[in-house]
Amino acid sequence: MTWQMMCQYVFTALMIGSFCEAQLSDSFYDKSCPNALSTIRTSMRRAVSRERRMAASLIRLHFHDCFVQGCDASLLLDATSSFTGEKNAPGNANSTRGFEVIEDAKSEVEKMCPGVVSCSDVLAVAARDASAAVGGPSWTVNLGRRDSTSANQAQASADLPRFTDSLDVLIDGFGRKGLSARDLVALSGAHTIGQAQCATFRNRLDNNGSDIDAGFASTRRRRWPATGSNGNLAALDLVTPNSFDNNFFKNLIQKKGLLASDQVLFSGGSTDSIVTEYSRNPRSFSSDFAAPMVKMGDIEPLTGSAGQIRRICSAVN
C-alpha cells in the first residue's frame, strides 16, 4: 500500500468513525443505562396524573428547546454571569413550565446511572411519554444528545414562533429548522391540549374580523374581558381540552381557533387542505404528529465530545 493510499484509508476510516459517532440511536442507553427510559416514563405518568395540563407543557418545553441552538437542553439552564438564559425570552417568559418535572426525572436517572443520560435526552423522551399519557401518539425517540454549556436568549427571541405570526412567517420559521408546512400544521395540533394566557388571545377576541366566529368571540369575551387578567388561562381547545384528539382542527374550520397563529392555518391559505384532512382523519393527524416530533428532536444535536452530560438540568457542571 502506497503512502497516498494509506493516508486515504486513514482519512476515510476517521470520517466514518466521526459520522457514526455523531448519529443518534434509539438503543443508545441499552447497555449504559438500560432502565433509563422506563424510569422517565414512570416519572412522566406520575406528573401528568397529578396535572393533566403538564403533558402540553412538556411537549412545548421540548419544542422551545429544539428551536434554539437545536435540542441541547439550553432552555433548561438558569441565567449566570456569563450568559443570559432563554427562560426570559418573549416566547418563554412566564409561560414555559415543567422544568421541575424534567429535573425530577433526571434526578431519578442520575441515581441509577450518574453522568450518563443527558438532560436533552430526558426532555425528548419526556415529550413522547407526555403525549402517550394523554392518549396521544407515541414514537421512537433517537438518543445520544449531549447538553449545551450555554444558552442563547437572542436566538430564542428571534426564532420562537409568536402568537401573532402570519402563515408565511410560520412556514418560513419552520422551514429554517428543516420542517415543512405539513409538519407545522401537525405540530400545531399539540394545541388540542394545553392552555394559553389571556394576553395572547385578547386582541383576537376584540378584533371582530372575518376569521373568528362571532359567538365564540362573544362568549370568550365575557370571561376574559378587554382589560386586566393577562395571566388568566383558557383552554386552547375548549371542547375536549384534556384529550389528545383532532378537535383542534375542527375548531379551526369553524373559525374557533383561540390564537391568531393557529387560525391562520385555516384562513384561505396553502395549509387549509391539511387542516381539513386532519379534521376528518384523526389517524392521519396522529401519525403525522409523531413523524415531525422525531424530525424536530433531531435538530442540530450535540453529540460525541461536544457539550457535556449535565448533572442537574438547570446548571452547567
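**Salt bridges and a buried helix**

Arg-221 is partly exposed, with a relative accessible area of 26%. In this predicted model, Arg-221 pairs up with Asp-206 in a salt bridge, and their closest N and O atoms sit 3.5 Å apart. Arg-221 belongs to helix 10 (residues 214–223) and Asp-206 to helix 9 (residues 202–207), so the pair ties together parts that are 15 residues apart in sequence. Asp-206 also counts as partly exposed, because its relative accessibility is 32%, which falls between the 20% and 50% cut-offs. Elsewhere, Arg-182, Glu-277 and Asp-288 are joined into one network by salt bridges that share partners. The structure holds 13 salt bridges.

Helix 4 (residues 99–112) has salt bridges within its own length. Lys-106 and Glu-110 both lie there, 4 residues apart, or about one turn of the helix. Their closest N and O atoms are 2.9 Å apart in the salt bridge, and both Lys-106 and Glu-110 are buried. Glu-108 and Lys-111 also lie in helix 4, this time 3 residues apart, again about one turn. That salt bridge has its closest N and O atoms 3.2 Å apart. As for the spacing, an α-helix has 3.6 residues a turn, so residues three or four places apart point the same way. Glu-108 counts as partly exposed at 32% relative accessibility, whereas Lys-111 counts as exposed at 62%.

Then there is helix 13 (residues 272–280), whose buried residues are Asp-272, Ile-274, Val-275, Thr-276, Tyr-278 and Ser-279. Among the elements covering these buried residues are helix 8 (181–188), helix 11 (247–253) and helix 14 (282–297).

Technical notes. Residues numbered from 1 in each chain as written. Predicted model: local features only at pLDDT ≥ 70, side-chain atom pairs only at ≥ 80, totals over all residues. Heavy atoms only, no water. Buried < 20%, exposed > 50% of the residue type's maximum accessible area, 1.4 Å probe, protein only. Helix = DSSP H or I, 4+ residues; strand = E, 2+ residues; numbered from the N terminus. Contact = heavy atoms within 4.5 Å. Salt bridge = Lys/Arg side-chain N within 4 Å of Asp/Glu carboxyl O.
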